[in-house]
Amino acid sequence: MEFLRKIEEKWQKRWEQAKIFEANPDPAKPKFYITVAYPYPNSPQHIGHARTYTLADAYARYMRMKGYNVLLPMAFHYTGTPVLAMAKRLAENDQELVNDFVKIYKVPKEKLKALTDPLSMARYFHEEIKEGMKRIGYSIDWRREFTTVDPQYNRFIEWQFHKLREKGYIKRGSHPVGWCPKDGNPVGQHDTQGDVEPEIGEFVLIKFKHGEWILPTATLRPETVFGVTNIWVNPKAEYVRAVVDGEKWVISRESAEKLTYQNRRVTVLESFSGKNLIGKKVENPATSDEIYILPADFVDPKNATGVVMSVPGHAPYDYVALENLKSEPAKLAEYGLPAETIKSLNAVSIIEVPGYSEVPAADVVKRMGVREQTDPKLEDATREVYRHEFHSGKMKANTGKYAGMPVAEAKERVKQDLMASGKATTMYELLNRPVKCRCGAECVVKIFEDQWFIDYGSPEWKALAHKCLEKMKIYPEELRAQYKYVIDWLHERACARKSGLGTKLPWDPEWIIESLSDSTIYMAYYTIAHHIKEHNIQPNQLTNDFFDYVFLGIGNPKQVAEKTGIDVAIIEAMRREFLYFYPLDSRHSAHELIPNHLTFMIFNHIAIFPEHHWPKQIVTNGVVTMEGAKMSKSFGNIIPLREGLATYGADPIRLGVLATAELLQDADFSPAVAKAMQEKLERLYRLVVQTVQTPEAVEKEGEEALTLVDKWMLSRLQEHVKRTTESMEKLEVRKAIQTILFELDQDLQWYHKRTKAYGKTRTSVVSQVLKTQLLMLTPFAPHMSEEMWEIMGGGGFASLAQWPKPDEAKVNLKAEESEALIMGVLEDTRNILRVMKTKPQKVFYYTAASWKWSVYLKALKESLEGKVTQNILMEELLKDQTLKAKAKEVADFVNKIIEEVNQTPVERRRRLIIVGRIDEAPVLREAATFLKNELNAEIIVFEENAAELYDPKNKARLSRPLRPAIYLE
């Protein structure tokens with residue numbers, strides 16, 4: 001490790017001294033602007049975070065080597081409540097947090113008291129994270145660094161919000177928000193444990209009556225009220241009788257409290273056990289049917305009202321729960337339920353769905369093998385039934401006036417009709433509950449009065465967002481549909497709160513702009529941040545007119561200079577820099593930010609900037625697991641990044657988080673992976689040193705002096721360059737690393753083995769391969785690559801060298817196929833040796849006669865136009881008089897190869913046709929010494945029709961092109 005650490009420190013120092021990652025406008029070079037989500041400094045970054053940032057850095061380094069003027073900046077997101085919550089817990093001496101800080105984050109105990117101040121904590125972890133980013137080798141332009149509580153940045157966010165308000169996208173009113181009842185604040189993803197975005201859904205409460213009491217059943221599918229067979233309550237839960245807005249309701253105790261946050265007047269009269277409700281009857285307000293209240297353990301009293309209507313025909317949970325209950329006579333007796341009556345309850349079919357029976361819920365439950373109401377597969381079953389019914393279902397005749405209506409339409413119509421007649425109302429609930437605030441309290445939904453919102457529900461705004469998305473590249477492309485869904489689904493979102501760090505709302509300073517609203521267009525601020533710092537520009541100088549000119553070209557720079565006191569040359573330089581680097585070329589983050597931050601970025605850009613400055617690309621990736629398990633403090637598998645760097649080294653970690661998965665999947669990191677990468681790099685280093693120290697073994701130079709295997713190695717190199725470049729263009733980094741470190745390495749090992757047999761390893765060929773390999777490795781393992789590049793006399797920084805391009809002049813398909821022939825022959829011989837009991841003294845190879853090659857190539861050509869048949873092929877072949885003379889032999893041979901030819905991939909057929917006939921005997925004879933060493937036997941090569949043929953077992957006739965016959969004795 002000391003060896004790696006010295007190399008890392010050496011090159012990080014050189015990069016910094018040479019300022020090679022400081023990007024300035026250069027009209028002579030094309031630019032490429034990359035950003036990655038700025039981190040929250042409320043804890044150190046761990047190895048899991050390294051994937052997103054390393055991917056962005058590897059891509060930045062690749063584009064830099066492609067000749068682009070690459071800008072990769074970084075800042076720190078202090079905004080919001082996470083730091084406040086953490087500092088508060090520390091001040092309260094929360095032992096769990098103290099333990100995390102000392103044992104996991106390695107914070108010295110004497111520092112803890114200072115960290116009870118939120119800003120001190122943020123600054124401490126800010127420096128910790130920054131140091132980790134430097135140590136892992138990110139190619140960041142640190143001149144542009146800022147925090148979201150810098151007064152200058154606050155002015156930029158104020159300008160952004162003025163723009164949004166001018167466009168009519170900021171509104172004030174009442175709206176449901178995720179809410180922490182302990183802190184008294186709205187909550188978003190960055191305020192919750194596990195960074196969970198609270199998803200709010202509107203439930204319809206359908207009022208089933210029991211005498212003067214109402215049991216409001218909470219449902220997301222009001223149209224299914226016509227198929228209700230019973231009501232479910234949890235017999236183990238606590239329920240209350242309460243007066244809600246003047247009506248007498250029976251609901252769970254938790255529901256009574258939640259309703260108070262939604263502007264309901266609630267007076268609890270008494271509490272009682274849910275089992276007291278079992279066996280009572282209620283009236284369905286839609287059908288007037290009397291139905292039983294029955295027990296179900298799956299009913300969650302903390303979800304909505306804790307009262308659920310049962311629709312077993314169309315709800316898998318209800319179907320399974322009812323079938324379970326019908327088969328449990330003891331439970332029926334326990335609650336005094338009439339067994340025969342309950343057993344006679346059957347699903348009511350109210351929706352017709354193509355591809356399903358009368359009871360879709362039963363179909364799916366039986367297919368999935370679900371038997372218990374606690375089976376997690378019921379979630380999938382529910383989603384499937386709902387999806388198909390919602391998109392292709394139609395209401396049946398037993399639904400009255402809704403008969404024939406599509407479910408999607410009936411859902412809304414039934415809701416409106418029930419509400420209009422006073423038979424239903426609504427309440428909001430978190431669909432993904434439980435969601436916990438960072439303070440530990442469980443979040444609820446609150447209808448917030450006089451809250452400030454960004455109106456992401458605007459149809460015109462959504463249309464522009466879709467237009468932007470259509471023009472963007474999305475990696476992985478499979479997630480484009482998720483962005484579309486989020487754009488359609490987004491609605492008003494609370495954008496400010498009364499506490500936390502951040503920017504005050506400029507027209508209502510009691511409010512502070514929340515963290516997912518001040519982090520959407522900061523990419524623009526990066527382009528001028530270093531100018532603001534360099535010229536010591538004060539916040540009061542950064543007026544709205546200043547930002548209008550710099551970012552939108554609105555106004556006159558001289559007038560802006562006069563009003564702000566900023567030199568006009570500086571203002572114009574900032575405008576030029578913004579125009580040079582914008583639009584953003586690539587935005588990097590994790591999949592989990594698609595439902596909020598990444599989609600908000602699209603919305604805010606299109607609201608403020610002209611179309612030619614809209615973002616061009618978003619790249620997201622999955623998380624990192626540790627040896628197959630989710631990284632979690634509870635699992636004890638969190639490794640802070642700086643600790644990981646000290647243990648494994650920068651380059652092994654970089655490779656370890658990128659090499660095990662493509663973007664769509666989660667990557668699995670383990671000490672074994674890091675160790676394997678470290679060993680791989682060290683072996684490569686030793687080979688580089690050895691190559692530099694080895695004099696050229698072959699005197700002749702030039703193309704004509706190259707052997708077949710030399711040409712093969714150089715040809716294979718071009719293929720590896722091509723494949724790696726294609727992978728990098730699509731951000732398939734796992735595939736790129738596989739090609740660079742493993743496939744190319746295998747070829748180089750084969751080359752060494754082949755040439756070692758003759759003592760003719762050409763150092764110039766190995767050097768060419770290694771130099772190319774090092775350059776392709778540079779984006780992933782920059783420290784070791786720089787060191788090895790210098791050892792090989794590469795000149796300059798590998799980080800600034802030109803990315804390799806395939807040299808078509810060195811592509812030699814015949815050499816590749818000839819070497820493949822040797823590999824194939826060696827493998828076939830070894831397979832035969834495995835089943836032999838004695839070791840042979842001699843190995844005979846018989847290569848195919850020239851007429852077989854003629855037949856084989858003809859078959860390949862004919863097959864390009866479609867599947868070739870023996871009759872058609874023979875008809876063509878017998879036009880050749882030479883082949884006609886041996887018609888039977890030809891027919892036998894065609895019979896043997898016809899299936900193989902038809903099954904050969906089309907690209908492979910084309911390649912073989914281009915290569916044409918290979919003179920196999922000389923190829924194998926040239927490799928005889930190598931094969932002798934490998935097989936420990938004498939190698940003898942005959943052409944099938946050779947006059948002096950030695951063939952005691954008549955094997956030669958079995959030879960085929962590229963598949964010599966083999967005889968051992």
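These legends walk through several close-up views of one predicted protein model.

In this predicted model, local features need pLDDT of at least 70 and side-chain atom pairs count only at pLDDT 80 or more, while totals for chains, interfaces and linings use all residues. Residues are numbered from 1 along each chain as its sequence is written, and side-chain values use heavy atoms, with hydrogens and water left out.

**Figure 1. The whole chain, with its 35 helices and 29 strands.** Helices (H or I, at least four residues) and strands (E, at least two) are DSSP runs, numbered from the N terminus. Along the principal axes, the C-alpha atoms fill a box of roughly 110 × 85 × 55 Å. Of the 969 residues in the chain, 57% are buried; buried means under 20% relative accessible area, exposed means over 50%, and partly exposed lies in between (1.4 Å probe, protein chains only). A contact means heavy atoms within 4.5 Å. Among contacts in the chain with a separation of 6 or more, 77% are between residues 24 or more positions apart.

**Figure 2. Helix α2, residues 50-65.** The expected span of a helix is 1.5 Å times one less than its number of residues. For the 16 residues of α2 that gives 22 Å, and the end C-alpha atoms are 22 Å apart, which agrees. Is this helix enclosed, and how many of its residues are buried? The count is 16 of the 16, so α2 is largely enclosed by the rest of the structure. Just after the helix comes Gly 67, with a positive phi of about 105°.

**Figure 3. Helix α6, residues 151-166.** Here, too, there are 16 residues with an expected span of 22 Å, and the end C-alpha atoms are 23 Å apart, which agrees. Twelve of the 16 residues are buried, so α6 is largely enclosed by the rest of the structure. Among the buried residues are Tyr 153, Phe 156, Trp 159 and Phe 161, and the list also includes Arg 155, Glu 158 and Lys 163. Gly 168, just after α6, takes a positive phi of about 85°.

**Figure 4. Where helices α16 and α17 pack together.** Two packed helices are described by the angle between their axes and the distance between the axes. Axes are lines fitted to C-alpha atoms, for helices over the stretch in contact, and angles run from 0 to 180 degrees between N-to-C directions. Helix α16 (residues 522-534) meets helix α17 (residues 544-552) at an angle of about 100°, with the axes 11 Å apart. That makes α16 roughly perpendicular to α17. (Angles under 35 degrees count as roughly parallel, over 145 as roughly antiparallel, 65 to 115 as roughly perpendicular and the rest as oblique.) Look for Ala 524, Tyr 525, Thr 527 and Ile 528 of α16 touching Phe 546, Phe 547, Val 550 and Phe 551 of α17. By class, this contact has seven nonpolar residues, one polar and no charged. Ala, Val, Leu, Ile, Met, Phe, Trp, Tyr, Cys and Pro count as nonpolar, Asp, Glu, Lys and Arg as charged, and the others, Gly among them, as polar.

**Figure 5. Where helices α23 and α27 pack together.** Helix α23 (residues 671-693) and helix α27 (residues 782-791) make an angle of about 10°, and their axes are 10 Å apart. The two are therefore roughly parallel to each other. On the α23 side, the contact is made by Leu 681, Leu 684, Tyr 685, Val 688, Val 689 and Val 692, and on the α27 side by Met 784, Glu 787, Met 788 and Ile 791. These residues divide into nine nonpolar, no polar and one charged.

**Figure 6. Cysteines 437, 439 and 443, with no disulfide.** A disulfide is counted when a pair of cysteine sulfur atoms lies within 2.5 Å, and a search of the whole structure finds zero. The sulfur of Cys 437 is 3.6 Å from the closest cysteine sulfur, in Cys 439, which is too far for a bond. For Cys 443, the nearest cysteine sulfur is that of Cys 437, 5.4 Å away. Cys 437 counts as buried at 2% relative accessibility, and Cys 443 also counts as buried, at 2%.

**Figure 7. Backbone surprises in four loops.** Most residues other than glycine have a negative phi, and most peptide bonds are trans. The bond from Arg 433 to Pro 434 is cis, with omega near 0°, and Pro 434 sits in the loop between β16 and β17. Tyr 582 and Pro 583 are also joined by a cis peptide bond, with omega about 10°; Pro 583 is in the loop between α19 and β22. Lys 106, in the loop between α4 and α5, has a positive phi of about 60°. Ser 288, in the loop between β11 and β12, has a positive phi of about 70°.
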